[in-house]
Every structure is written in C-alpha cells, then in structure tokens.
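Work through the exercises below with the sequence and the model side by side, trying each task before reading its solution.

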Amino acid sequence: MTTKKQTAVILSGCGVYDGAEIHESVLSLLAIARQGADYTIFAPDVDQHHVINHLKGEPADEKRNVLVEAARIARGAIQPLSEYKAADFDALILPGGFGAAKNLSSVAFDGPACTVEAETERAVKETHAAGKPIGALCIAPAVIAKILGEVTVTIGQDEGTAQAIEAMGGNHETTNHGEVVVDEANKIATTPCYMLDANILQIAEGADNVVKAVLAMV
C-alpha cells in the first residue's frame with residue numbers, strides 16, 4: 001500500500017487584500033488532492049496587520065486574527081503554525097495574497113528591509129534544512145527569498161517586486177501565466193498567479209503546475 005505524500009499549507013488569513021488569496025488557496029488544496037497527496041493547513045496565531053473591507057477596498061476599524069480568519073478557508077480544520085514540524089511532512093506550500101506580504105512578513109510596507117513573522121520563518125527554514133521542497137504562489141516567493149536569501153524564484157513580471165527580491169539576495173526569473181520556476185538545488189518551485197492580471201482558469205493552471213513541481217521533488 002502506497003503512503004500518501006503529506007503536504008503542509010500555510011495560510012495568511014482570508015481575503016486577497018489582508019489575508020490569503022482565496023482562489024489560490026483553494027485551488028492549491030484541490031491540486032494537492034488531485035495529485036493523490038494529503039494536506040494539513042496551518043496559520044500563525046497572530047493579529048492581522050489590518051482589516052480591509054473587500055467590498056469598498058478600504059481599511060476597516062477592527063481587529064482580526066490570522067489563524068481564526070484562515071480557519072474559514074480550512075473549514076475549521078487548521079492548526080497554529082507553532083505546531084508545524086517539518087519532520088511530519090514531505091513538502092510545504094504557501095499561497096499568496098497580501099496576507100503573505102502583510103501578516104507573514106512586512107514586505108508590502110518595508111520591501112527588502114522587511115521582517116518575517118517568527119513561526120513562518122521557522123517553518124520555512126526547518127523545511128529547507130530538512131531538504132524538503134517548498135512551493136510558493138503570487139507574492140509569497142518574495143517571503144521565501146527574504147528568509148532563504150540566494151534562491152531563484154518568480155513573481156511574474158512586476159519590476160518593483162523583482163528588484164526587491166534581488167535586493168534580498170534572491171534571483172528573479174520573469175514568467176507568464178501558469179509557468180513555474182524550479183530552483184532544483186534548493187527544492188523551491190514558484191509561480192506568479194495573481195501577481196499577473198489573471199483569471200481563475202489561469203490561477204488553477206498555476207496552482208496545478210506548482211503543486212506538481214513540488215511533489216515531483218519529494
């Protein structure tokens with residue numbers, strides 16, 4: 001009997017402007033399942049940087065917790081990121097959304113001088129040190145570059161973000177819809193998703209391709 005590959009997924013809240021991008025998150029989970037693997041969802045138990053009213057696109061005067069919000073996408077089946085152990089999993093995947101740049105890190109505000117949320121940094125470093133593959137979508141590759149330094153990633157074609165990645169010690173490759181950059185030496189696969197002007201079919205293609213690339217490195 002073949003044991004299913006175990007994939008951990010880190011979410012950064014719920015909603016593109018202040019948390020995890022929902023399409024990227026759900027389609028990544030679907031891609032993992034379609035590849036015959038299992039997933040376990042994690043999120044840091046911290047407050048969001050801020051809350052955005054997604055109807056108006058404006059800040060709202062309230063506080064929300066990243067773990068509690070991410071539980072919406074996970075249908076409650078989620079664990080605090082502090083409980084993540086790389087030894088329990090074969091791979092790690094980080095969907096995008098502004099939560100990756102606002103809650104998992106401060107890259108949206110501080111660029112190359114950003115900081116990374118402590119449990120997110122630990123999880124990525126622990127996974128990388130164990131020689132296990134990591135996948136990242138949309139803006140999340142910039143977080144990987146900040147944590148690991150000299151790695152090759154893509155966020156698509158945004159020059160400002162690409163320059164920030166280079167300033168953090170990473171290497172950026174320009175890509176289009178559905179394309180994946182694989183850094184084989186570091187076992188990192190990245191794809192641009194909504195960093196490009198994309199539709200949901202293109203997001204599904206990117207999620208499928210990056211998950212396939214990650215699981216192929218297990």
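**Exercise 1.** Determine whether C193 is buried or exposed, and then describe its backbone.

*Solution.* Start with the accessibility: C193 counts as buried because its relative accessibility is 5%, where buried means under 20% relative accessible area, exposed over 50% and partly exposed in between (1.4 Å probe, protein chains only). Next, locate the residue, which sits in the loop between β11 and α8; helices (H or I, at least four residues) and strands (E, at least two) are DSSP runs, numbered from the N terminus. Finally, read the backbone angle: phi of C193 is near 45°, a positive value in a residue other than glycine.

This is a predicted model, in which local features need pLDDT of at least 70 and side-chain atom pairs count only at pLDDT 80 or more, while totals for chains, interfaces and linings use all residues. Residues are numbered from 1 along each chain as its sequence is written, and side-chain values use heavy atoms, with hydrogens and water left out.

**Exercise 2.** Carry out the analysis of Exercise 1 for K187, asking which accessibility class it falls in.

*Solution.* K187 counts as partly exposed because its relative accessibility is 28%. Its place is in the loop between β10 (181-183) and β11 (188-191), and its phi, near 55°, is a positive value in a residue other than glycine.

**Exercise 3.** Identify which residues have the most contacts inside the largest nonpolar core, and which element gives the largest share of this core.

*Solution.* A nonpolar core is a set of buried Ala, Val, Leu, Ile, Met, Phe, Trp, Tyr and Cys residues joined through side-chain atoms within 4.5 Å. The largest one has 33 residues, and L11, I78, L137 and V211 have the most contacts inside it. At least two residues each come from α1 (22-34), β2 (38-43), α2 (66-73), β6 (91-94) and α8 (200-216), with α8 giving the largest share, seven residues. Apart from this core lies another, of 32 residues, including A8, I10, I144 and I155.

**Exercise 4.** Work out how β2 is paired, asking how many bridges join it to β1 and how many to β5.

*Solution.* Two strands pair if DSSP finds at least two bridges between them. Strand β1 (residues 6-10) runs parallel to β2 and is joined to it by five bridges, with T7 having Y39 as its bridge partner in β2. Strand β5 (residues 78-80) also runs parallel to β2, through three bridges, and here A43 stands opposite P80 in β5.
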